[in-house]
Amino acid sequence: MAKAVLARGVANIPTSYKLWIAAARLEADDAAKQRVLRRALERIPGSVRLWKAAVELASEDDARVLLSRAVECCPTHVELWLALAKLESYDNAKKVLNKARQAVPTDPSIWITAAKLEEAQGNNDMVGKIVSRALKSLQSHGVVIAREAWLKEAEAAERAQPACVLTCRAIVGEVVGLGVEDEDRRRTWMADAEEAARRGSIETARAIYNATLAAFPGKPAVWRAAAALEKQHGSRQALDELLKRAVSYCPQAEVLWLMAAKERWLAGDVPGARAILAEAFAANPDSEDVWLAAFKLEFENDEPQRARALLAKARETSTASTARVWMKSAIVEREAGDAAAERALLAEGLRRFPGFWKLHLMAGQLEAREGKVEATRAAYAAGLKRCPDCVPLWRAAARLEEAQGNTGRARAMLEQARHRNPKQPELWLAAIRTEQRAGSTKAAEALLAKALQDCPASGLLWAEAVAMAPRPQRRTKAADAMKRCDNDPHVIAAVASLFWADRKIDKARSWWSRSVTLDPDIGDHWAQLWKFEGQHGTPESAANVLAKAAAADPHHGERWVRVAKDPANAHQLVDVLLKKVVVDIDTLPPP
């Protein structure tokens, strides 16, 4: 019945391609469908839809014949030309694309397909020439070259199967500067590269960075951005080559030298890293960062004598004899167990740099390790006299008094610290923890209420408020915390702990992951996430957390610092420290 109706329809309206296509669909086999479509094309040879339908049903040889006829009947339809070129041999495809350009001189996709064809044949030199000619030809025919559209074509070429990398680079090289004012070029191009990388178009981003570097070879920021891309998505060799070029163009950019040396070190090439730092010394003889990088290379590779010699030389060099150099010198002796040498270095360092609080803190810690309470107290007092705004010194001095049973004195010291340094969440937290350790729960709660009034946007304090709340009230407290600071990693971690306690595993995993994403430098959260995956995940997921933590290389977090700064844990890898932090969480109260 339907066939009869459609038969009458095409008889009465033979120019309706919709009726012909509907009639073809009713046929049972492909051969019959093809017969209907061929009859339709005899009536409507200019219908692109009919040609496409016929080609879809045909074999490759028949499709080639059909498309050859189709481009004669529909010469302005680019898709048919491109489909025909795809089925032809290389030589014939070139001829087809040339005819297509003559028929439709304003369509860029024909030129781009021609560039891809040459790249597929290995004719690399032709790719750039074709793209360059394309722009000139299109402009001569009145086509406006839209920069954004062409950059999207570059990304499409990169995503093609197989990827047409040379076509992508050629397009970027020709269009990246179109319509961009000279003073805006660097900013615009770097933004374009970052956006392309964010979309996963790595070759496009790389090509944009290369164009930027060609125009601004003396800008270290561009080299750093390009190096970051290679580090994340490229090969170690490509990164090494890029950094070699970078330091040749920007020899005074210390950070580039340090990046190059670090990458060599990470690759296991310690002599190569030494050689790079030697060149860095030649280019930047007064750089504190280069001196300290050379020291770290030797120190971390268990070469204490080399490390000592470097620091000694730095201390003798007027421009390199900085507070950090003296501090690192003391650290070497601390790890070697030479308290006398450490004390002498700290004393001389403090004589030269009395306002450097880390030296005062280390001096107090040295005396504390030797059990000299009065000397420790004196060291902290001297430090606070010079550095009254140093929170770590106040906290260390208060903990000393508390450890000696002088809780009242510790309490008074922290109150004085808050008076001198208002709106410091760490000082409030130290006071709260002091009351908790003394068993004064009510006093701790009162201090917390005052702390949240003084620092209402502190994620650190809100996370403590969630932890201190009675279990039935924790959800409400967490909701209040989220209203105040919804993107604070400490608050996110506190919420993750609640989900974990309620055994809402998927939610807990999501929130722990969010906390380490917001601030990957907090080692405590990585340790908690690894512990969580060990209990509720798979060995693979736990190993994945370890790998991500090692890549993040965290340096902060209350427990992380306590573990990492322990001389017994010197030179330990991140995964070892992370496991020790988990033990710390399970066995010790917070600092």
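Helix pairs whose axes meet at angles under 35 degrees count as roughly parallel. In this predicted model, helix H16 (residues 254-266) and helix H18 (residues 288-300) pack at an angle of about 10°. H16 and H18 are therefore roughly parallel to each other. Their axes lie 10 Å apart. On the H16 side, the contact is made by Glu254, Leu258 and Trp265. H18 contributes Asp289, Val290, Ala293, Lys296, Leu297 and Glu300. By class, the residues of this contact divide into 5 nonpolar and 4 charged, with no polar residue.

The protein chain as a whole contains 35 helices and 0 strands. Of its 591 residues, 44% are buried. Contacts with a separation of 6 or more were also examined by sequence distance. Residues 24 or more positions apart account for 52% of these contacts.

Helix H11 spans residues 165-175. Its buried residues are Thr167, Cys168, Ala170, Ile171, Val172 and Val175. An α-helix has 3.6 residues a turn, so residues three or four places apart point the same way. The buried residues of H11 pack against four helices: H8, H9 (124-140), H10 (147-159) and H13 (202-215).

Threonine 167 is placed in H11. Its relative accessible area is 0%. Buried means under 20%, so threonine 167 is buried. Leaving aside residues up to four places away in sequence, threonine 167 touches Ile112, Ala115, Lys116, Glu119, Val127 and Ala157. Ile112, Ala115, Lys116 and Glu119 fall within the range of H8 (108-120). Val127 falls within H9 (124-140), and Ala157 within H10 (147-159).

H8 also takes part in a pocket. The second largest pocket has a volume of about 570 Å³. It is lined by 19 residues, of which Lys86, Thr113, Lys116, Leu117 and Cys164 are the closest to its centre. Lys116 is thus listed both here and among the residues touched by threonine 167. Helices H6 (78-87), H7 (90-103) and H8 (108-120) each supply at least two residues of the lining. H8 gives the most, with 7 residues. The lining of this pocket divides into 11 nonpolar, 4 polar and 4 charged residues.

Backbone geometry was also examined. Most residues other than glycine have a negative phi, and most peptide bonds are trans. The peptide bond from glutamine 161 to proline 162 is cis, with omega near -5°. Proline 162 is found in the loop between H10 and H11.

Two residues that are not glycine have a positive phi: arginine 503 and aspartate 553. For arginine 503, phi is about 60°. Arginine 503 lies in the loop between helix H30 (489-501) and helix H31 (505-518). Its relative accessible area is 59%. The cut-off for exposed is over 50%, so arginine 503 is exposed. For aspartate 553, phi is about 50°. Aspartate 553 lies in the loop between helix H33 (539-552) and helix H34 (558-564). With a relative accessible area of 33%, aspartate 553 is partly exposed.

How values were computed. Residues are numbered from 1 along each chain as its sequence is written. This is a predicted model: local features need pLDDT of at least 70, side-chain atom pairs count only at pLDDT 80 or more; totals for chains, interfaces and linings use all residues. Side-chain values use heavy atoms; hydrogens and water are left out. On a 1 Å grid over the protein atoms alone, a cavity is a set of points where a 1.4 Å probe fits but cannot get out, and a pocket is an open set with protein on both sides within 12 Å along at least five of seven lines; lining residues have an atom within 4 Å of a point. Grid points are joined across faces, edges and corners, and a volume is the space filled by probe spheres set on the points. Ala, Val, Leu, Ile, Met, Phe, Trp, Tyr, Cys and Pro count as nonpolar, Asp, Glu, Lys and Arg as charged, and the others, Gly among them, as polar. Buried means under 20% relative accessible area, exposed over 50%, partly exposed in between (1.4 Å probe, protein chains only). Contact means heavy atoms within 4.5 Å. Axes are lines fitted to C-alpha atoms, for helices over the stretch in contact, and angles run from 0 to 180 degrees between N-to-C directions. Angles under 35 degrees count as roughly parallel, over 145 as roughly antiparallel, 65 to 115 as roughly perpendicular and the rest as oblique.
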